[in-house]
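Subject: Structure for your review

Hello,

Here is the structure, with the sequence alongside. My notes on the backbone and on one helix pair follow below.

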Amino acid sequence: MKRKDMIAPCGMNCAVCSGYLRKDYPCMGCRNMEYKRCVIFKCERLAQTASGFCYECVKFPCRRMRELDARYVNNYNVSLIGNLRQIQAAGIDLFLQSETAKWTCKGCGGTICIHKGYCWQCKLPAKI
C-alpha cells in the first residue's frame, strides 16, 4: 500500500480495491492500466496538472468528482475528495502512511478491501 502509483488521480487507493485484490485478472490500478476507461483519468485538465491529482484542477471538485465522492461516502464511508485534500495538505508520503495503517488487517496483517469491508486474506471484518 506504500506505492504512489497506486493512488488514482481521484484519490482512490487502488491497492485496497477489490479489482486489484482479486486473483483472476487483477486490475493493475488506475495509473497502470493500458486501456484507460476512467473518465476522470482521461480528463484533459488532469493532464495539465503537475501533481497528476484532481485537487490541482481549477474546477476541483468538479461534478464527476462530487458524484464519485458521494458514491464512496455513501457505500464505503470514504471520501475521495477528503483523500485528495489530505494529499494536498500533508503530501503523498504521509497519506500513504495513513492509508497503510487504515487498511492493514489487525488480525493477520493482510489488506482490508474497501469494497468488501473485510480482510482479503483472513476474511475478518474491518474495524475502521
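Contact here means heavy atoms within 4.5 Å. The model is predicted.

Helix pair

By that definition, Asn 83, Gln 86, Ile 87 and Ala 90 of α3 touch α4 through its residues Ile 92, Leu 94, Phe 95, Ser 98 and Glu 99. The residues of this contact comprise five nonpolar, three polar and one charged. The axes of α3 and α4 are 7 Å apart, and the helices pack at an angle of about 130°. An angle between 115 and 145 degrees counts as oblique, so α3 is oblique to α4.

Backbone

Most peptide bonds are trans, and most residues other than glycine have a negative phi. Three places depart from this pattern: the bond between Phe 60 and Pro 61, Asn 77 and Lys 123.

The peptide bond joining Phe 60 to Pro 61 is cis, with omega about -10°. Pro 61 sits in the loop that runs between α1 (18-21) and α2 (63-76).

Asn 77 has a positive phi, near 60°. This residue belongs to the loop between α2 and α3 (80-90). Is Asn 77 buried or exposed? Its relative accessible area is 67%, and exposed means over 50%, so Asn 77 is exposed.

Lys 123 also has a positive phi, near 70°, and lies in the segment after α4 (92-103). With a relative accessible area of 47%, Lys 123 is partly exposed.

Regards

Notes
Residues are numbered from 1 along each chain as its sequence is written. This is a predicted model: local features need pLDDT of at least 70, side-chain atom pairs count only at pLDDT 80 or more; totals for chains, interfaces and linings use all residues. Side-chain values use heavy atoms; hydrogens and water are left out. Helices (H or I, at least four residues) and strands (E, at least two) are DSSP runs, numbered from the N terminus. Buried means under 20% relative accessible area, exposed over 50%, partly exposed in between (1.4 Å probe, protein chains only). Axes are lines fitted to C-alpha atoms, for helices over the stretch in contact, and angles run from 0 to 180 degrees between N-to-C directions. Angles under 35 degrees count as roughly parallel, over 145 as roughly antiparallel, 65 to 115 as roughly perpendicular and the rest as oblique. Ala, Val, Leu, Ile, Met, Phe, Trp, Tyr, Cys and Pro count as nonpolar, Asp, Glu, Lys and Arg as charged, and the others, Gly among them, as polar.
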